[in-house]
Amino acid sequence: MRVALFLTCVNDTLYPDTGRAVVKLLTRLGVEVDFPMAQTCCGQAHYNTGYRHEAEPLARHFSDVFGEYEAIVTPSGSCGAMVRELYPRMGERARAEGRGDTLAATLAPVVPKTYELTEFLVDVLGVTEVGAYYPHTVTYHPTCHGLRGLGLGDRPRRLLQAVKGLELRELPGADECCGFGGTFALKNSDVSAAMGADKVRNAESTGAEVLCAADNSCLMHIGGTMTRLRTGMRPVHIAEILASTEAEPAL
């Protein structure tokens with residue numbers, strides 16, 4: 001299978017090791033991974049901030065860049081949800097505004113074949129045991145877009161439970177938002193910080209070394225809170241855990 005890695009802006013700019021981990025993991029599982037160099041922002045930041053028309057050229061570009069691939073894999077629930085949930089809405093809105101079906105037709109091919117990493121592993125490749133080794137105690141935070149938007153369910157947990165050496169500990173209040181929410185964290189910083197502190201205190205109560213999630217934007221927020229509260233815990237993307245092996249262990 002030949003797939004495209006949709007890395008996303010946050011990962012490309014701040015967390016390139018997550019992208020490397022995805023390539024390492026999928027290659028180990030026999031998947032041919034391409035990284036289309038023409039990829040840009042999917043338009044989520046624009047759309048969610050109210051600049052919906054301005055997001056349309058980015059969505060069209062996404063479809064042009066990724067349309068030829070069998071599958072599009074992203075290590076981001078929020079950007080995956082943008083394509084799967086909001087691209088169809090963009091097409092419907094254009095139609096409702098009397099601009100015809102062109103946008104909907106342009107975006108339609110990429111919507112069903114865009115997958116968040118864990119659902120690609122479980123649903124498309126049909127695996128939960130990926131040959132990973134990670135000898136650490138871990139608690140898992142299901143991010144909002146993955147939990148509520150994409151409906152990832154227990155897929156990430158099933159993958160983590162199959163990792164050799166990993167001890168998975170339950171996170172109290174796991175389904176509660178961490179407080180990031182993109183521009184929400186800027187516009188409502190006090191509320192965002194309080195929600196982040198609640199999440200970190202719950203994580204700390206598990207005694208785990210690592211808090212894991214499938215979205216680095218939320219891990220950035222949680223990790224900053226961990227640093228300020230001096231917990232000693234560290235945030236790690238699930239891709240980096242799943243890519244880790246006994247021969248090449250991740251920290």
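In which helix is L242 found? In this predicted model, L242 belongs to helix α13, which covers residues 238–243. L242 has a relative accessible area of 0%, and because buried means under 20%, this residue counts as buried. If we leave aside the neighbours within four places in sequence, the residues in contact with L242 are L25, R28, L121, V130, A132, L159 and V163. T114 is not on that list of contacts: the C-alpha atoms of L242 and T114 are separated by 20 Å, and the two residues are 128 places apart along the chain.

From helix α13 we can step to strand β8, made of residues 234–237, where H237 lies. H237 is also buried, with 1% relative accessibility. Its side chain takes part in two polar pairings with backbone atoms: a polar atom of the H237 side chain lies 2.9 Å from the backbone oxygen of P75, and the side chain also reaches the backbone nitrogen of A239 at 2.9 Å. P75 appears again among the contacts of H237 beyond four places in sequence, together with T18, A213, A214, D215, N216 and L219.

The next topic is charge. Side chains of opposite charge can pair when their charged atoms come close. In this model the count comes to 15 salt bridges, and a few of them can be followed one by one. R2 forms a salt bridge with E68, and the closest N and O atoms of this pair are 3.6 Å apart. The pair links distant parts of the chain, since R2 sits in strand β1 (residues 2–5) while E68 sits in the loop between α4 (52–66) and β3 (71–74), 66 residues apart. How exposed are the two partners? R2 counts as partly exposed at 29% relative accessibility, whereas E68, at 59%, counts as exposed.

A second salt bridge joins the side chains of R95 and D101, with 2.5 Å from N to O. R95 is partly exposed, having a relative accessible area of 40%, and D101 is likewise partly exposed at 45%. A third salt bridge brings together the side chains of R99 and E97, here at 2.8 Å from N to O. For R99 the relative accessible area is 38%, so this residue is partly exposed, and E97 is partly exposed as well, with 35%. R99 and E97 also belong to a network of salt bridges that links them with E56, R60 and R93.

On the surface there is also a patch of another kind, a nonpolar one, which is formed by V10, L14 and M220 and has about 220 Å² of accessible area together. V10 is found in helix α1, which covers residues 9–14, and V10 is partly exposed, with a relative accessible area of 31%.

Finally, a record can be set beside the model. The unreviewed UniProt entry places the feature "domain: Cysteine-rich" at residues 3–83 and 138–222. In the model, residues 3–83 are 57% helix and 12% strand, and the end C-alpha atoms of this span lie 16 Å apart. Over residues 138–222 the chain is 48% helix and 12% strand, with end C-alpha atoms that are 15 Å apart.

Key
Residues are numbered from 1 along each chain as its sequence is written. This is a predicted model: local features need pLDDT of at least 70, side-chain atom pairs count only at pLDDT 80 or more; totals for chains, interfaces and linings use all residues. Side-chain values use heavy atoms; hydrogens and water are left out. A salt bridge is a side-chain nitrogen of Lys or Arg within 4 Å of a carboxyl oxygen of Asp or Glu. Helices (H or I, at least four residues) and strands (E, at least two) are DSSP runs, numbered from the N terminus. Buried means under 20% relative accessible area, exposed over 50%, partly exposed in between (1.4 Å probe, protein chains only). Patches are made of residues with over 30% relative accessible area and no salt bridge: like charges are joined within 9 Å, nonpolar side chains (Val, Leu, Ile, Met, Phe, Trp, Tyr) within 5 Å. Accessible areas come from the Shrake-Rupley method with a 1.4 Å probe; for residues, only the protein chains shown count as cover. UniProt positions are given in the numbering used here, feature names are shortened, and annotations may be inferred rather than shown by experiment. A polar contact is a pair of N or O atoms within 3.5 Å; within protein, one must be able to donate a hydrogen and the other to accept it, and residues adjacent in sequence count only if both atoms are side-chain atoms. Contact means heavy atoms within 4.5 Å.
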